[in-house]
Amino acid sequence: MPDAKIPAGPLETKWTKYKSSVRLVNPSNKRKIEVIVVGTGLAGASAAASLGELGYKVKAFCYQDSPRRAHSIAAQGGINAAKNYQNDGDSVYRLFYDTIKGGDYRAREANVYRLAEVSNNIIDQCVAQGVPFAREYGGLLSNRSFGGTQVQRTFYAAGQTGQQLLIGAYQAMERQVALGTVEMFSRHEMLEVVVIDGKARGIITRDLVTGKVERHFGHAVLLCTGGYGNVFYLSTNAMGCNVTAAWKAHRQGAYFANPCFTQIHPTCIPVSGDHQSKLTLMSESLRNDGRIWVPKKQGDNRIATEIPEDERDYFLERRYPAFGNLVPRDVASRAAKERCDAGHGVGTSKQAVFLDFADAIQRYGKAEVSKRNLGQVDAVSVTQLGKEVIKEKYGNLFDMYEKITGENPYVVPMRIYPAVHYTMGGLWVDYELMTTVTGLYCLGEANFSEHGANRLGASALMQGLADGYFVIPYTIGNYLADEVGKSHISIDHPGFMEAEKKVSKHLAELMKINGKQSVESFHKRLGKIMWDKCGMARNAEGLKQAIQEIRALKKEFWSDLRIPGKIDEMNPELDKAGRVADFLELGELMCIDALERNESCGGHFREEYQTSEGEALRDDAGYMHVAQWEYFHDQWKLHKEPLNYEVVKPSQRSYK
Amino acid sequence: MQHYNMDLTLKVWRQQNRNAQGGFETYQVKDISSEMSFLEMIDVLNEKLIHEGGDPIAFDHDCREGICGTCSMVIDGRPHGPWKGTTTCQLHMRAFKNGETIVIEPFRANSFPVLKDLVVDRKAFDRIIQAGGFISVNTGNAVDGNAIPIDKDDADNSFAAASCIGCGACVAACKNSSAMLFVSAKVSHLALLPQGAPEKSTRVAAMVDQMDKEGFGSCTNTYACEAECPKEISVMNIARLNREYLASSFNADK
């Protein structure tokens with residue numbers, strides 16, 4: 001079993017002690033060491049910028065046309081930090097505790113505590129870079145609430161927090177590009193990790209404009225390539241998000257951890273038809289002010305505004321009075337599904353619930369009247385004032401909703417339904433963020449480490465930036481200190497030549513299938529299997545079927561796929577084919593993992609294991625571990641990393 | 001809202017690669033739902049082309065929620081199409097009627113060469129940011145986030161400028177292919193914040209210099225950029241850039 005390398009000593013001092021005793025690389029040696037960073041989202045861009053600042057020679061890669069477009073940019077609601085600016089009882093410990101509990105006791109204590117500790121540095125760093133966070137009239141930073149917490153610790157920039165944080169990291173990285181410490185390769189996709197003498201020594205990429213396959217050396221390789229939610233075809237991920245880099249690493253020996261832990265986000269715009277290519281999130285921050293409900297009567301076809309108050313079921317407020325609409329995502333999603341399955345869904349598909357802002361509009365309108373000292377004001381003006389406040393808080397989200405659905409959410413409630421959003425699983429890493437391949441690191445959503453079986457809102461941005469700005473700059477030195485004096489390996493080394501040959505062969509094999517069906521059609525079919533049988537609710541029978549169906553689909557893919565065009569040119573169909581080929585393998589592993597985990601926890605809900613009230617029923621005696629899957633010739637071997645809770649006492653999660 | 005289906009004629013710019021001669025091709029699409037997004041309509045056409053053994057249309061797109069800035073296209077003569085304040089990926093088919101003909105082209109500017117079909121190269125924007133679109137602060141150098149209060153209006157205006165997605169529609173809309181709206185949005189975002197003040201004058205000079213080197217044209221204040229910007233970035237930012245630039249030119253020793 002690989003060693004998680006968790007430092008000894010009390011939880012609160014582990015990271016501090018680690019930092020002050022970890023080995024260092026002196027500045028003149030840093031200049032001779034090359035580091036490859038794959039992916040330029042929050043984790044990748046912040047890592048590339050920070051390592052460049054330290055003096056390492058960095059090569060950064062992304063498949064997009066510019067590093068500024070990585071999908072971190074689409075994160076809406078905010079980023080958590082334990083600043084306690086609101087004086088509402090927050091602390092590093094409480095952020096740590098909420099994250100562990102939110103993850104349903106399936107995350108490592110030491111990692112999560114470190115994350116909570118560095119959260120405050122992230123906010124400071126971002127402000128210094130010029131991230132325009134929302135502010136109060138006094139000029140100080142503003143906060144709001146997110147799910148699974150009872151304090152206000154979320155920092156935000158309207159509904160575009162991810163965009164602003166990514167632009168900050170991107171600009172920091174471009175500054176290093178100008179200084180010559182970072183070399184940027186956009187429109188490049190990583191297709192293999194080069195392992196020489198047991199260590200990651202570089203990557204093979206394909207230039208997505210010319211189609212050229214290239215070799216790149218690095219003393220260490222960092223994968224910051226995001227999550228694999230697109231295995232479901234429909235998700236809130238960008239169209240290009242993929243598992244390929246992580247999967248190639250997995251096939252080279254990196255263990256994949258908890259692949260079945262998928263986050264289904266409760267508030268997304270529902271599917272409108274078969275043409276649907278992706279789903280759009282409506283930020284969790286909307287649950288600060290929006291109330292979720294369905295009609296009490298089954299199959300009620302009246303429009304929302306005609307359904308009187310006493311005929312509405314505010315089911316989250318009813319089931320979870322303490323947290324109400326701000327329960328964690330897994331809980332909210334399951335509750336919405338339960339109501340729809342019971343015949344209370346709304347809209348034409350009946351696969352939706354209402355998210356209603358009418359109360360908030362009135363509440364804010366009245367507050368404005370008193371704040372502006374307007375005296376007696378008619379109801380229309382109160383509503384108008386309230387709408388203005390809502391517009392300031394969530395304007396871009398409301399606009400987006402209207403563009404997609406053609407309905408005005410200031411007048412009628414939004415219709416929402418859960419959708420695949422984030423993957424807690426990923427490459428297994430130790431405390432230093434190194435995978436089971438020496439010298440190969442994994443940061444951000446691509447790794448498995450901090451969120452257990454369910455991620456709390458506004459914690460993904462926190463983790464991406466923590467890993468890139470404040471963790472890897474320390475931990476990588478511990479490895480690279482041994483690399484000092486070791487020379488650059490030529491890219492003509494047989495290890496590189498073989499890896500390149502393998503990639504070229506794989507591309508040629510895809511092209512020569514020359515069948516009839518498009519990549520898109522296979523991807524859609526895979527997504528349907530995954531959503532139906534490995535989605536919000538799973539059971540052993542369905543998972544077994546799914547494994548067979550995926551294997552059959554994979555066979556069909558490799559015998560009837562049609563890719564137009566050529567390898568040595570811009571060919572988006574070929575790019576997609578490679579990604580879907582990897583998703584087909586990952587999908588099978590996800591089902592195997594879900595089948596193996598005979599319990600429910602967080603986002604993993606096995607129908608056989610639930611309480612009488614329909615809540616997730618954990619089995620701590622049997623499954624308080626990280627499932628680590630080792631790849632071996634199209635099969636997998638399971639290893640387990642036990643989770644030891646030294647500080648928090650795991651209990652049945654309650655948000656009532 | 002009533003949904004409807006439509007049949008359309010599409011005239012699409014096809015170009016094999018950067019150096020090839022391009023031209024328009026005409027395609028028919030049938031039974032397009034008014035609920036589809038514009039890009040989903042192109043997906044339908046591409047699936048049809050693949051099925052018929054043809055070459056699908058290459059176009060840039062990624063998040064499909066209007067924030068990454070990847071999608072482009074000039075639709076019926078307008079960057080990002082007919083809806084105000086909307087990216088191509090957020091444009092929906094209810095903007096069109098049954099039987100219409102839609103003309104689809106890439107963004108056109110010398111500084112944005114076509115790579116294939118509707119895909120253009122916008123690396124010039126990254127190089128402008130490299131010239132000075134940042135605050136020089138290394139990781140770990142920051143003071144407490146609340147140490148420097150920022151006037152809410154300044155913070156809000158800075159945010160409004162920072163909401164630029166770097167798509168390049170401003171360049172495509174401008175008869176001179178000027179990048180002034182893009183550059184001025186970045187200059188404003190950073191100049192409005194106290195953290196960005198120390199480098200104000202070197203930043204604006206370096207960014208304008210790089211913009212000129214990339215071959216973008218001059219700004220003649222037609223405001224076509226603001227009209228077509230999917231994020232409705234204000235031309236007031238251009239006025240601010242000009243002010244900053246003038247101030248910087250008096251700072252001869254910098």
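**Entry 1. The two domains of chain B**

I began with the interface of domain 1 of chain B and domain 2 of chain B, where the salt-bridge rule finds two pairs. The model is a predicted one, and I read each value with that in mind. The side of domain 1 of chain B that touches domain 2 of chain B holds seven nonpolar, eight polar and three charged residues.

I looked up one salt bridge of chain B by name: E232(B) and K84(B) meet through their side chains, with 3.6 Å from N to O. For polar contacts between domain 1 of chain B and domain 2 of chain B, I noted three residue pairs, both residues of each being at pLDDT 80 or more.

I then checked the bounds. The domain assignment places domain 1 of chain B at 5-115 and domain 2 of chain B at 123-250. Their centres, taken over C-alpha atoms, are 29 Å apart. To the contact, domain 1 of chain B gives 18 residues and domain 2 of chain B gives 20 residues.

The area buried between domain 1 of chain B and domain 2 of chain B came next; I recorded about 1,400 Å², with 57% of it on carbon and sulfur atoms. Which three residues supply more than any others of the area that domain 1 of chain B buries against domain 2 of chain B? I found P79(B), S111(B) and F112(B), which together supply 34% of that area.

**Entry 2. Chain B against chain A**

I turned to the interface between the chains. Here 74 residues of chain B are in contact with 76 residues of chain A. I noted a buried area of about 6,000 Å² between chain B and chain A, of which 51% comes from carbon and sulfur atoms.

How many salt bridges does the rule find across the interface of chain B and chain A? The count is five. I looked up a salt bridge between D60(B) and R187(A), whose closest N and O atoms are 2.9 Å apart. Across the interface of chain B and chain A I also noted 47 residue pairs in polar contact, with both residues at pLDDT 80 or more.

I listed the elements that give two or more residues to the side of chain B that touches chain A: α1 (38-51), β6 (114-116), β7 (119-120), α2 (123-132), α3 (152-162) and α5 (180-191), each of chain B. By class, that side of chain B has 31 nonpolar, 26 polar and 17 charged residues.

**Entry 3. Helix α2 of chain B**

I singled out α2(B), one of the elements listed for the side of chain B that touches chain A. This helix is mostly covered, with seven of its ten residues buried. I wrote down the buried residues of α2(B) as A124(B), F125(B), D126(B), I128(B), I129(B), Q130(B) and G132(B).

What covers the buried residues of α2(B)? The cover includes α6 (161-179) of chain A, and from chain B it includes α4 (169-173), α5 and α6 (200-213).

**Entry 4. Salt bridges in chain A**

A search of the whole structure gave me 74 salt bridges over all chains. I examined three of chain A.

I took R302(A) and D300(A) to start with; their side chains meet in a salt bridge of 2.8 Å from N to O. I then asked how each partner is placed. R302(A) counts as partly exposed at 29% relative accessibility, whereas D300(A) is buried with a relative accessible area of 6%.

I next looked at R334(A) and D330(A), which form a salt bridge at 3.8 Å from N to O. Both residues lie in helix α9 (residues 329-344) of chain A, four residues apart, which is about one turn of the helix. Is R334(A) buried or exposed? R334(A) is buried, because its relative accessible area is 12%, under the cut-off of 20%. D330(A) also counts as buried, at 4% relative accessibility.

I then considered K337(A) and D341(A), which form a salt bridge with closest N and O atoms 2.9 Å apart. K337(A) and D341(A) are four residues apart in helix α9 of chain A, so about one helical turn separates them. K337(A) is partly exposed at 22% relative accessibility, while D341(A) counts as exposed at 52%.

I closed with a network of salt bridges that includes R334(A) and D330(A). The other residues linked in this network are D104(A), R106(A), R597(A), E599(A), R618(A), D620(A) and R653(A).

Technical notes. Residues numbered from 1 in each chain as written. Chains lettered and ligands numbered in written order. Predicted model: local features only at pLDDT ≥ 70, side-chain atom pairs only at ≥ 80, totals over all residues. Heavy atoms only, no water. Contact = heavy atoms within 4.5 Å. Buried area = accessible area lost by both parts, 1.4 Å probe. Salt bridge = Lys/Arg side-chain N within 4 Å of Asp/Glu carboxyl O. Polar contact = N/O pair within 3.5 Å; in protein donor to acceptor, adjacent residues only side chain to side chain. Nonpolar A, V, L, I, M, F, W, Y, C, P; charged D, E, K, R; others polar. Buried < 20%, exposed > 50% of the residue type's maximum accessible area, 1.4 Å probe, protein only. Domains from an automatic or database assignment.
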